[in-house]
Structure formats: C-alpha cells, structure tokens
Amino acid sequence: MPEVLFVCVHNAGRSQMAAALLQHYALGRIRVRSAGSEPAEKVNPAAAQALAEWGLDITAEVPAKLSTADVEASDVVITMGCGDTCPIFPGKRYLDWDLDDPAGQGIDAVRPIRDDIDRRVRGLVAELLDS
C-alpha cells in the first residue's frame with residue numbers, strides 16, 4: 001500500500017486539507033500522514049470550514065511534528081510550497097506543491113486553495129492507484 005506524507009510548516013492548513021482529501025478519495029487504499037516543522041496548536045479554522053463545506057471534518061485533527069520516521073515510512077513526500085526542508089532518503093519521491101498559505105486568510109481566500117489541493121490530490125490518487 002503506498003504511503004504519502006504531506007508537509008507544511010504549521011501542519012494546520014494546506015497539509016491537513018490535503019491529508020483529509022486524500023483519505024476521502026483513497027478509501028483506505030493509501031496510507032496518509034501529515035506533519036509540520038513547527039506545528040501550530042490547532043487546525044486553521046478557515047481550512048476546517050472550507051472542508052466542512054464538502055462534508056469533511058478536520059476539527060479533531062492535531063498538528064504533528066515532522067519526524068525522520070515519517071519521511072522514512074513514506075513513498076511520496078509532498079511539501080506544500082512553504083520552503084520546508086525534509087530529510088532526504090534515497091528511493092523516496094519528493095514533490096513540492098506551490099500553494100498559497102491559508103494562515104490568516106478568510107474563507108473566500110481559502111476556497112481556491114482547497115480547490116487547487118483537491119485537483120492535485122485527485123491526480124495523485126489516479127497516479128498511485130491506476131499505475
């Protein structure tokens with residue numbers, strides 16, 4: 001089973017939305033993790049609201065600290081356009097999704113970020129499961 005790790009600095013917005021969307025579309029066929037180098041105390045409320053509009057609830061998620069073990073266990077590591085540095089391991093696939101940061105943004109600014117993440121996650125699911 002493929003494993004995907006989403007990484008952003010605070011693990012409160014982009015990476016949480018991406019993880020929730022991937023879990024939703026993968027239906028248990030992909031293991032999903034998310035983490036941050038400087039985790040926030042809670043999930044970004046606008047990110048949670050944007051996903052709630054689609055029936056997904058991330059309000060119980062807790063931002064997690066990025067660990068070497070997370071990277072080591074993952075087949076694909078996706079950084080979220082925040083310049084975050086990850087440990088590099090041979091044989092891992094690294095992608096950087098250049099996404100706007102939802103921190104401090106209202107719902108109207110977060111919806112397009114959610115939609116961009118959704119498009120990318122759907123492509124990733126198709127790639128990982130149809131290959």
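Which side chain does the side chain of S34 join in a polar contact of 3.0 Å? The tour below leads to the answer; please keep in mind throughout that the model is predicted.

**The whole chain**

Begin with the entire chain in a cartoon display. Four helices and four strands are present, and from the N terminus on their order is β-α-β-α-α-β-β-α. Along the principal axes, the C-alpha trace spans about 40 × 30 × 25 Å. The radius of gyration is 13 Å, which agrees with the value near 14 Å that a compact globule of 131 residues would have. Of these 131 residues, 46% count as buried. Next, turn on the surface: the accessible surface comes to about 6,500 Å², and 49% of this area belongs to carbon and sulfur atoms. Among contacts between residues at least 6 apart in sequence, 70% join residues at least 24 apart.

**The first two strands**

Select residues 3–7, strand β1, together with β2; the two pair in the parallel sense over five bridges. Now add helix α1, residues 14–26, through which the chain crosses from β1 to β2 in a right-handed β-α-β crossover. To look at a single bridge, select L5 and its partner in β2, R33.

**S34 and its surroundings**

Move to S34, which is found in strand β2, residues 31–35. Is S34 buried or exposed? S34 counts as buried because its relative accessibility is 17%, below the 20% cut-off. Display the side chains of S34 and N11: a polar contact of 3.0 Å joins them, which settles the opening question. Leaving aside neighbours within four places in sequence, the residues in contact with S34 are L5, F6, N11, S15, Q16, A19 and A64.

**Two loops with a positive phi**

Stay with N11, which lies in the loop between β1 and α1. N11 counts as buried, at 0% relative accessibility. Most residues other than glycine have a negative phi. N11 is not a glycine, yet its phi is positive, at about 50°.

Follow the chain to L27, in the loop between α1 and β2. L27 also is not a glycine and has a positive phi of about 50°. With a relative accessible area of 66%, L27 is exposed.

**Helix α2**

Select residues 45–52, helix α2, and colour its buried residues: A46, A47, A48, A50 and L51. Show α1 and α4 as well, for both are among what covers these buried residues. Then zoom in on the start of α2, where a side-chain oxygen of N44 comes within 2.7 Å of the backbone nitrogen of A46.

**Helix α4**

The last stop is helix α4, residues 107–130, where R119 is found. How large is the relative accessible area of R119? It is 54%, so R119 is exposed. Draw a distance from the C-alpha of R119 to that of G91: the two residues are 28 apart in sequence and 26 Å apart in space.

Finally, select A126, which also lies in α4. A126 is partly exposed, with a relative accessible area of 34%. Draw a second C-alpha distance, from A126 to Y25: these residues are 101 apart along the chain, and their C-alpha atoms are separated by 9.6 Å.

Note on methods
Residues numbered from 1 in each chain as written. Predicted model: local features only at pLDDT ≥ 70, side-chain atom pairs only at ≥ 80, totals over all residues. Heavy atoms only, no water. Buried < 20%, exposed > 50% of the residue type's maximum accessible area, 1.4 Å probe, protein only. Polar contact = N/O pair within 3.5 Å; in protein donor to acceptor, adjacent residues only side chain to side chain. Contact = heavy atoms within 4.5 Å. Pairing = 2+ DSSP bridges. Right-handed = clockwise from strand over helix to strand, strands pointing away. Rg over C-alpha atoms; globule rule 2.2 N^0.38 Å. Areas by Shrake-Rupley, 256 points an atom, 1.4 Å probe, with all protein chains shown as cover.
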